[in-house]
Amino acid sequence: MRVLGFMTGTSLDAVDMAVLETDGETIQAFGPAGERNLSEPVRELMLAATHEALKWPRGAPEPAIFAEAAMAGAEEHLAAAEGFLAANGLAWSDLDLIGMHGQTVLHERPKAGQPGRTVQLGDAALLAQRSGVPVAYDFRAADVAAGGEGAPIAPAYHVARARTSGLEPPLAVLNVGGVANVSFWAGGDEVAGFDTGPGNGMIDLLVQARGAGRYDAGGKFASVGRVNEGLVRAYLAHPYFQAPPPKSLDRYDFALEPLEALQLEDAAATLVAFMAEAVRLSFDHAPAPPKALIVTGGGRHNPEIMKAMAARLPCAVQSAEDLGWRGDAIEAEAIAYLATRCARGLPITFPKTTGVGAPITGGRIVRP
């Protein structure tokens, strides 16, 4: 199948797009990939929906803003794709399937006696109607309903991507988005995965709270800051890091208040160290010591993050591009791959990636 995958991450920066030719098991070809920045009105709408989601009581009707944001998100996907397809000599009719992850506005991991909650906004029916192509969406809900964490969902694709490159296990793939998540491939079909801790999200929120922009471009603040190791240890004392995997996070699970006494530069450097140290701790749960860590997602563009991990981790740290991967497109490629597995009824989440009781398929498909 020729599939277009859409991903919008919790950093609220862009619609990522990638085309794959795949049967949901192997990858036959990589089509074009690209991105389009979220328009400011849609970004503000998604941010407002996120704030409403954070205070949404269980059992209460969903906030009215969800439907508005879902429709606006679909319109944003359509506008992004129309330019992207035209620029690459493609039309909607060239696609067999679309995979749309949607914008995550809420993610709560399950607790004893209480299932998790996860919400990704995007009007799949509108996207299918306007594109004329079936749309796979809602990839996490079935896993959560079955008692799983609902995240991460990319490990199956990380293994497929590694196999396509002829890479040998054991290895690890780390996606640094708003939250960072790792996949450990020990060989065969044995893959484990979980959220390691914050990725870019806390740094973004810090920079925004200090009125210094949207994010720490190029690590310019962190590069001249001094790490407060005491605060790093305090953050790592959070119960999340003592909990066994599989486990998942929301970008708002850790507070910025402990950093208030620090200058922006020192606070940014401290968060970079916290992120890297959380990744180091994740290696304690690797089924086999990885020979290398492959870094994808926006965080690999921050040289301070890459330096911190190289200094703290017990293996080589490589950017996706070092291996010929498209680091900014991996998540969109993953959604295309998972959409195909959804269409074929193949599992997308597993006991060692989300804690679900047995491998299950997920996602729903809406047709034009």
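## H6 against H8

Helices H6 and H8 run roughly antiparallel to each other (angles under 35 degrees count as roughly parallel, over 145 as roughly antiparallel, 65 to 115 as roughly perpendicular, the rest as oblique). This is a predicted model, in which local features need pLDDT of at least 70 and side-chain atom pairs pLDDT 80 or more, while totals for chains, interfaces and linings use all residues. Residues are numbered from 1 along each chain as its sequence is written, and side-chain values use heavy atoms, without hydrogens or water. Helices (H or I, at least four residues) and strands (E, at least two) are DSSP runs numbered from the N terminus.

H6 covers residues 201-209. Its angle to H8 is about 170 degrees, and the two axes are 9 Å apart. Axes are lines fitted to C-alpha atoms, for helices over the stretch in contact, and angles between N-to-C directions run from 0 to 180 degrees. On the H6 side, Met-202, Ile-203, Leu-206 and Val-207 make the contact (heavy atoms within 4.5 Å). H8 answers with Leu-264, Ala-267, Ala-268, Leu-271, Val-272 and Phe-274. By class, that is ten nonpolar residues, no polar and no charged. Ala, Val, Leu, Ile, Met, Phe, Trp, Tyr, Cys and Pro count as nonpolar; Asp, Glu, Lys and Arg as charged; the others, Gly among them, as polar.

## H7 against H8

H8 (residues 264-282) also packs with H7 (residues 229-236). Here the angle is about 45 degrees and the axes are 9 Å apart. H7 is therefore oblique to H8. The crossing is right-handed: the near helix is turned clockwise from the far one by less than a right angle, whereas anticlockwise would be left-handed.

H7 contributes Leu-231, Val-232, Tyr-235 and Leu-236 to the contact. From H8 come Thr-270, Leu-271, Ala-273, Phe-274, Glu-277, Ala-278 and Leu-281. The tally is nine nonpolar, one polar and one charged. Leu-271 and Phe-274 also appear in the H8 contact with H6.

## H2 against H3

Another helix pair sits earlier in the chain: H2 spans residues 65-87 and H3 spans residues 124-131. Their axes come within 8 Å and cross at roughly 35 degrees. This crossing, too, is right-handed.

Met-71, Ala-74, Glu-75 and Leu-78 form the H2 side. They meet Leu-126, Leu-127, Arg-130 and Ser-131 of H3. This contact divides into five nonpolar, one polar and two charged residues.

## Leu-256 and Pro-198

Leu-256 sits in the loop between H7 and H8. Its relative accessibility is 21%, so Leu-256 counts as partly exposed (buried is under 20% relative accessible area, exposed over 50%, partly exposed in between, with a 1.4 Å probe and protein chains only). Beyond neighbours within four places in sequence, Leu-256 contacts Met-202, Leu-205, Leu-206, Tyr-235 and Leu-271. Of these, Met-202 and Leu-206 belong to the H6 contact with H8, and Tyr-235 to the H7 contact with H8. Gly-166 is 90 residues from Leu-256 along the chain, and their C-alpha atoms are 42 Å apart.

Pro-198 lies in strand S10, residues 190-198. At 8% relative accessibility, Pro-198 is buried. Setting aside residues up to four places away, Pro-198 touches Gly-178, Val-179, Ala-180, Leu-249, Phe-254, Phe-274 and Met-275. Phe-274 is one of the H8 residues that meet H6. Leu-281 is 83 residues from Pro-198 in sequence, with a C-alpha to C-alpha distance of 13 Å.

## Backbone exceptions

Most residues other than glycine have a negative phi, and most peptide bonds are trans. The bond from Ala-151 to Pro-152 is cis, with omega near -10 degrees. Pro-152 is in the loop between H4 (141-145) and H5 (155-164). Pro-169 and Pro-170 are also joined by a cis bond, with omega about 0 degrees. Pro-170 falls in the loop between H5 and strand S8 (171-176).

Leu-12 has a positive phi, near 55 degrees. Leu-12 lies in the loop between strands S1 (2-7) and S2 (14-22) and is buried, at 3% relative accessible area. Asp-138 also has a positive phi, about 55 degrees. Asp-138 sits in the loop between strand S7 (135-137) and H4.

## Cysteines

The disulfide count is zero, where a disulfide is a pair of cysteine sulfur atoms within 2.5 Å. Cys-315 is buried, with a relative accessible area of 11%. Cys-342 is buried too, at 11%.
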